[in-house]
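User: Could you take me through one part of this structure slowly, as you would for someone in a first year of study, and then show me how the surroundings of that part are built?

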Amino acid sequence: MLSFLRKSPADGTTIRGTFAHGVHPPEAKDDTSKLAIRQFPFAPSFVVPVSQHIGKPAKVIVREGQKVRRGECIAEPDGFLSVAMHSPVTGTVRGIGPVPSITGRMVEGIFLEPSAASSQEVMHGTPCDVATASVDEILTAIQRAGVVGLGGAGFPTHAKLKIPEGKRCDTLLINGVECEPYLTTDHRVMLEHAADVMVGLRYLLKLTAAKRTIIAVEANKADAAEALRAAVPSDLQVEVAVLPVKYPQGAEKLLITALLGREVPSGGLPIDVGAVCTNVATTAEIGQLLPTGQGIQERVLTLGGPGIRDKGNYRVPIGTPLRFVMETAGTTGELGHVFLGGPMMGQAVSSLDIPVTKGTTGVIAFTADQTGPLTDRLEYPCIRCGACLEACPLFLNPSRMGLLAKHGRYDEMVAEEHLFDCFECGSCTFVCPSHIPLVQHFRVAKTQMRRRKAKA
Amino acid sequence: MTGTLVIRSSPHFVSGAAVDRIMFQVALALAPTTLWAIWTFGLAAAVTLGTAVATCLVTERLLAARRAGRTTLGDGSALVTGLLYGLTLPPGLALWMVVVGGVVSMALGKLLFGGLGQNPFNPALVGRAFLQAAFPVSMTTWVLPGAASRFTALPSSSLAIPLMEPTFDGLSGATPLSAWKFDAQAADLGDLMFGSVSGSVGETSALLILLGGLYLAWKRYLDWRIPAGVLGSAALLALVLWLIDSGRFPTVPATLFSGGLMLGAVFMATDMVGSPITPKGTWIYAALIGVLVVLIRNFGGMPEGVMYAILLGNACTPLLDKRCKPRVYGHAKAAKGDRS
Ligand code: SF4
Ligand code: SF4
């Protein structure tokens with residue numbers, strides 16, 4: 001609305017529009033945004049869950065006692081909606097069994113012990129040359145490299161990039177928005193790996209046959225936009241769009257609306273409006289892995305929050321136990337609250353025994369005495385202030401849904417208020433002056449409704 | 001390294017907005033109006049306001065705590081209701097009536113419906129409406145502003161013995177609205193803006209009310225659409241009427257700046273609980289109130305209609321919320337239930 005108030009960067013790029021509604025949480029990125037990516041040390045033991053993605057768990061192809069090399073495939077994709085897993089270390093398989101996951105459920109995992117003598121050089125596989133490979137070969141290479149959306153969703157990337165029969169992609173969007181507070185991994189990847197992003201783009205362009213490519217960055221990462229722009233090869237047409245900072249702009253559908261003014265239909269996919277959207281770190285990863293035929297066995301994540309001493313952006317081997325991460329980085333006191341991902345949508349962990357996975361964008365920690373302000377809030381009745389309606393980027397009515405949820409009227413939430421359109425961004429809870437845990441109620445309601453449906 | 005880790009479902013960040021903060025900001029925004037009223041009407045306004053606020057606080061303390069299981073005074077809503085209620089009363093109203101109306105405001109207007117957030121009508125206006133019906137004479141007897149003795153003596157009417165209709169001293173004056181309606185006398189616009197006219201405690205200075213409203217709108221504690229819609233529609237209709245017959249109908253500024261319109265538009269109609277929650281519904285609600293005010297004033301039997309207009313607007317709110325749902329992202333039409 002207030003477009004005339006938007007600052008234009010010095011180089012004259014237009015700052016585009018944005019989606020309607022949304023919120024402005026504190027960005028909290030200054031602690032780590034200037035810190036270059038550092039390699040994280042190897043833990044004394046690793047555990048690689050075989051399901052770190054949405055879809056079928058990968059099939060384990062190693063035995064207990066087997067020697068593996070860093071980067072070697074240790075679990076194969078099981079069907080189309082599944083990706084491979086690779087060993088984060090050169091060492092020995094110590095066992096295969098249940099490992100704790102963030103949901104509290106036990107999942108199958110592979111226990112590994114690094115060998116002290118090894119140089120930990122990464123194993124290469126069969127390269128996939130973008131110039132000669134076919135679409136299907138590239139898709140298979142991405143699947144075999146174990147690539148999933150590194151923005152945190154964990155959807156297998158090859159499945160997302162396969163354009164369905166009868167659909168066309170005219171615009172390829174690369175998501176470098178990173179709108180969650182604290183997280184600075186995409187920021188650093190764009191700064192330090194802009195060239196990889198461009199290589200990755202070539203693969204994606206081949207897959208999608210898109211006419212137009214836009215990399216979206218928020219205005220608080222102007223240096224990253226600059227780095228990307230400088231890295232665009234002369235034969236590629238790539239626009240770098242700088243968007244005003246707003247949460248949840250990184251949500252795929254809202255990003256499409258912000259950039260293209262198109263609205264993805266309820267229950268639909270970006271491709272329904274001719275767009276494909278990929279996270280920028282995922283794109284960089286494709287650009288790094290495919291030319292050499294490697295698989296994902298580490299990822300960049302932000303270690304931050306006031307509870308961490310040695311904050312930063314680290315390249316951490318997949319399967320590193322959180323306890324080791326915390327011990328190595330050091331804490332500022334007894335930890336009271338740790339979550340994976342950003343503070344708006346990240347998941348709190350109940351124990352540090354779970355490992356870093358492909359979807360871990362960050363580990364944010366607070367000490368016990370820093371958790372208070374969030375926990376000790378008095379809840380008031382809804383005063384119908386309308387703040388949640390003005391925050392909800394989907395134009396839902398969180399106030400009414402909250403009232404319905406309170407009385408267990410879940411059917412009406414679905415039928416009249418589109419409960420299942422809510423993607424749990426948390427903006428409503430964030431703004432509510434009555435401190436009603438709105439999105440938390442909605443999660444419960446969804447679970448209940450899914451259960452009911454499963455029973456019926 | 002770790003104690004017990006708190007498991008909380010996201011978001012782990014919150015904005016810091018809080019009901020009590022909103023309420024105290026509203027009270028703060030009312031401060032200029034309140035102080036000016038005390039300056040204008042002296043002790044009469046001070047004791048009326050004091051009694052109104054105290055009554056509302058005590059009623060909330062006694063009745064709401066039992067239901068909520070905790071003292072609810074901290075949320076500040078009783079304070080705001082008390083202030084607003086006090087500002088709608090004629091200065092010099094018998095204090096026992098102030099107490100009765102205050103109890104009605106809180107008990108019938110708010111707590112009967114379930115307390116904070118549940119009241120369909122603005123509680124302050126419920127109390128006022130009750131008094132208007134029960135004591136029509138007292139509620140329309142006005143003291144003169146700026147009387148020399150205002151800081152030394154209370155009007156005798158204030159101290160009337162409970163259950164007795166008070167007698168009035170010779171000080172009573174006519175409000176600009178009744179002067180216009182019954183005697184075709186127009187008030188000076190400057191007097192209306194700066195509040196040196198007869199009227200309810202807080203109805204006097206349109207400018208200070210506007211100032212408070214601007215502050216709240218800037219802080220986003222008030223939906224600017226409501227005062228804009230109420231004043232805009234009232235102005236428009238007043239203009240049409242005035243163009244038709246400028247002898248019979250008041251001018252637009254006289255309409256906007258007289259009586260309770262400004263206080264109502266800025267502080268009463270904007271009560272979050274009683275106003276619609278969707279933008280479209282809010283516009284209709286506001287326009288409805290503005291139109292009703294002008295209609296009641298010019299064609300009804302009473303010189304003032306703000307209170308009834310807002311109460312009627314409050315009554316329409318549930319319907320407006322139901323009918324004016326915004327279109328949800330990714331859906332072609334407005335939500336189902338829309339036309340039900
Ligand atoms: S959590 Fe759901 S209801 Fe709340 S703002 Fe986000 S999308 Fe809207
Ligand atoms: S933000 Fe909270 S108090 Fe305001 S309308 Fe929404 S649920 Fe009610």
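Analyst:
**A close look at B:Val328**

B:Val328 sits in the segment that comes after H13 of chain B. The model is predicted, and every value below was computed from it. With a relative accessible area of 4%, B:Val328 counts as buried, because buried means under 20%. What does B:Val328 contact, once its neighbours within four places in sequence are left aside? The partners are A:Glu263, A:Leu394, A:Phe395, A:Leu396, A:His418 and A:Asp421. As a separate reference point, B:Val328 and B:Ser233 are 95 residues apart in sequence, and their C-alpha atoms are 29 Å apart in space.

One of those partners, A:Phe395, deserves a closer look. A:Phe395 belongs to the loop between helix H10 (387-391) and helix H11 (398-406) of chain A. Its phi is near 60°, which is a positive value in a residue other than glycine. Whereas B:Val328 is buried, A:Phe395 is partly exposed, with a relative accessible area of 27%. A positive phi of about 60° is also found at A:Gln120, which is not a glycine either. A:Gln120 lies in the loop between strand E8 (106-114) and helix H1 (135-144) of chain A, and at 11% relative accessibility A:Gln120 is buried.

From B:Val328 we can step back to the helix that precedes its segment, H13 of chain B. Two packed helices are described by the angle between their axes and the distance between the axes. Helix H12 (residues 279-299) of chain B and helix H13 (residues 306-323) of chain B pack at an angle of about 150°, and their axes are 9 Å apart. H12(B) is therefore roughly antiparallel to H13(B), and the crossing of the two is right-handed. On the side of H12(B), the contact includes B:Ile284, B:Leu288 and B:Leu292, while on the side of H13(B) it includes B:Ile310, B:Leu312 and B:Cys316. By class, the residues of this contact are 14 nonpolar, four polar and one charged.

A second pair in chain B can be set beside this one. Helix H8 (residues 206-218) and helix H11 (residues 261-268) of chain B pack at an angle of about 15°, with axes 9 Å apart, and they are therefore roughly parallel to each other. H8(B) passes H11(B) in a left-handed crossing. Among the residues that meet are B:Ile209, B:Leu210 and B:Leu216 in H8(B), with B:Leu263, B:Val266 and B:Phe267 in H11(B). This contact has eight nonpolar, two polar and no charged residues.

These helices belong to a chain whose secondary structure comes to 13 helices and two strands. Chain B has 340 residues, of which 54% are buried. Among its contacts between residues at least 6 apart in sequence, 75% join residues at least 24 apart.

Finally, B:Val328 touches residues of chain A, and a meeting of the two chains also appears at a ligand. Residues from chains A and B surround ligand 2, so the site is shared between chains. Of the 14 residues around ligand 2, those that come nearest are A:Cys382, A:Cys385, A:Gly386, A:Cys388 and A:Cys432, and the shell divides into 10 nonpolar, three polar and one charged.

Note on methods. Residues are numbered from 1 along each chain as its sequence is written. Chains are lettered from A and ligands numbered from 1 in the order in which they are written. This is a predicted model: local features need pLDDT of at least 70, side-chain atom pairs count only at pLDDT 80 or more; totals for chains, interfaces and linings use all residues. Side-chain values use heavy atoms; hydrogens and water are left out. Axes are lines fitted to C-alpha atoms, for helices over the stretch in contact, and angles run from 0 to 180 degrees between N-to-C directions. Helices (H or I, at least four residues) and strands (E, at least two) are DSSP runs, numbered from the N terminus. Angles under 35 degrees count as roughly parallel, over 145 as roughly antiparallel, 65 to 115 as roughly perpendicular and the rest as oblique. A crossing is left-handed if the near helix is turned anticlockwise from the far one by less than a right angle, and right-handed if clockwise. Contact means heavy atoms within 4.5 Å. Ala, Val, Leu, Ile, Met, Phe, Trp, Tyr, Cys and Pro count as nonpolar, Asp, Glu, Lys and Arg as charged, and the others, Gly among them, as polar. Buried means under 20% relative accessible area, exposed over 50%, partly exposed in between (1.4 Å probe, protein chains only). A residue is near a molecule or strand if one of its heavy atoms lies within 4 Å of it.
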